[in-house]
Amino acid sequence: MKLSPVSPAPYSAVAVQQVWGAEEAAAAAQVPADGTKVRVRVQLEAQDDAGRWPLAYDIDLKARSGRWEIAALESGTVRDGGAR
């Protein structure tokens with residue numbers, strides 16, 4: 001999977017609010033064996049001239065060579081809307 005950068009950048013600032021995973025391996029002190037898969041959710045807040053926007057990303061990670069690599073990415077906004 002290859003992601004291209006968004007240009008021009010749609011937000012002037014982005015702050016990570018929360019990251020959590022469903023599997024224990026996602027919080028392990030060391031990266032587990034190659035091929036281990038976990039799913040994490042990243043919740044963040046993006047800001048532009050019109051306001052602040054809550055965003056959420058579900059990310060599938062796969063362990064390879066002692067590191068986590070992104071295997072899949074799904075995006076969407078938080079359902080309750082944003083602070084404006």
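At 31% relative accessibility, R41 counts as partly exposed, and this arginine makes a convenient entry point into the predicted model described here. R41 forms a salt bridge with D58, in which the closest N and O atoms are 2.7 Å apart. The pair links distant parts of the chain, since R41 belongs to strand β2 and D58 to strand β3, with their positions 17 residues apart in sequence.

## Overall layout

The chain contains four strands and zero helices, and reading along the sequence gives the pattern β-β-β-β. Of its 84 residues, 15% count as buried. The chain exposes about 6300 Å², and carbon and sulfur atoms supply 48% of that area. When contacts are restricted to residues at least 6 apart in sequence, 44% of them join residues at least 24 apart.

## D58 and its surroundings

D58 is found in strand β3, which spans residues 51-64. Is D58 buried or exposed? Its relative accessibility is 15%, and because buried means under 20% relative accessible area, D58 counts as buried. The aspartate side chain also makes a polar contact with the side chain of R41, at 2.7 Å. Leaving aside residues up to four places away in sequence, D58 touches R39, V40, R41, A72, L73 and E74. The salt-bridge partners in this pair therefore fall into separate accessibility classes, with D58 buried at a relative accessible area of 15% and R41 partly exposed at 31%.

## Salt bridges

Side chains of opposite charge can pair when their charged atoms come close. The structure holds seven salt bridges, and three of them are set out below.

| Salt bridge | Closest N to O distance |
|---|---|
| R39 and E74 | 3.0 Å |
| R41 and D58 | 2.7 Å |
| R64 and E69 | 3.0 Å |

In the first row, R39 forms a salt bridge with E74, with the closest N and O atoms 3.0 Å apart. R39 lies in strand β2 and E74 in strand β4, so this pair ties together parts of the chain that are 35 residues apart in sequence. R39 is partly exposed at 30% relative accessibility, and E74 is likewise partly exposed, with a relative accessible area of 42%.

The side chains of R64 and E69 meet in another salt bridge, at 3.0 Å from N to O. R64 is partly exposed, with a relative accessible area of 42%, while E69 is partly exposed at 25%. Through salt bridges that share partners, R39, R41, D58, D60 and E74 are joined into one network.

## The nonpolar core

Which residues make up the largest nonpolar core? This core has eight residues in all, namely V38, V40, V42, L44, A46, L55, I59 and L61. The elements that give two or more residues to the core are β2, covering residues 37-48, and β3. Strand β2 provides the largest share, five residues.

L55, one of the core residues, has its place in strand β3 and is buried, with a relative accessible area of 10%. L55 and L44 are 11 residues apart in sequence, and their C-alpha atoms are 5.3 Å apart in space. V40, another of the core residues, is also among the residues touched by D58.

## The surface patch and the segment before β1

On the surface, L3, I70 and L73 form a nonpolar patch that together has about 270 Å² of accessible area. I70 lies in strand β4, which covers residues 67-77. L73, a member of this patch, is also included in the list of residues that D58 touches.

P10 is placed in the segment before β1, the strand made of residues 13-21. P10 is partly exposed, with a relative accessible area of 46%. Its C-alpha atom is separated by 8.8 Å from that of Q47, although the two residues are 37 residues apart along the chain.

Key. Residues numbered from 1 in each chain as written. Predicted model: local features only at pLDDT ≥ 70, side-chain atom pairs only at ≥ 80, totals over all residues. Heavy atoms only, no water. Buried < 20%, exposed > 50% of the residue type's maximum accessible area, 1.4 Å probe, protein only. Contact = heavy atoms within 4.5 Å. Areas by Shrake-Rupley, 256 points an atom, 1.4 Å probe, with all protein chains shown as cover. Polar contact = N/O pair within 3.5 Å; in protein donor to acceptor, adjacent residues only side chain to side chain. Patch = residues over 30% accessible without salt bridge, like charges linked within 9 Å, V, L, I, M, F, W, Y side chains within 5 Å. Salt bridge = Lys/Arg side-chain N within 4 Å of Asp/Glu carboxyl O. Core = buried A, V, L, I, M, F, W, Y, C linked by side-chain atoms within 4.5 Å.
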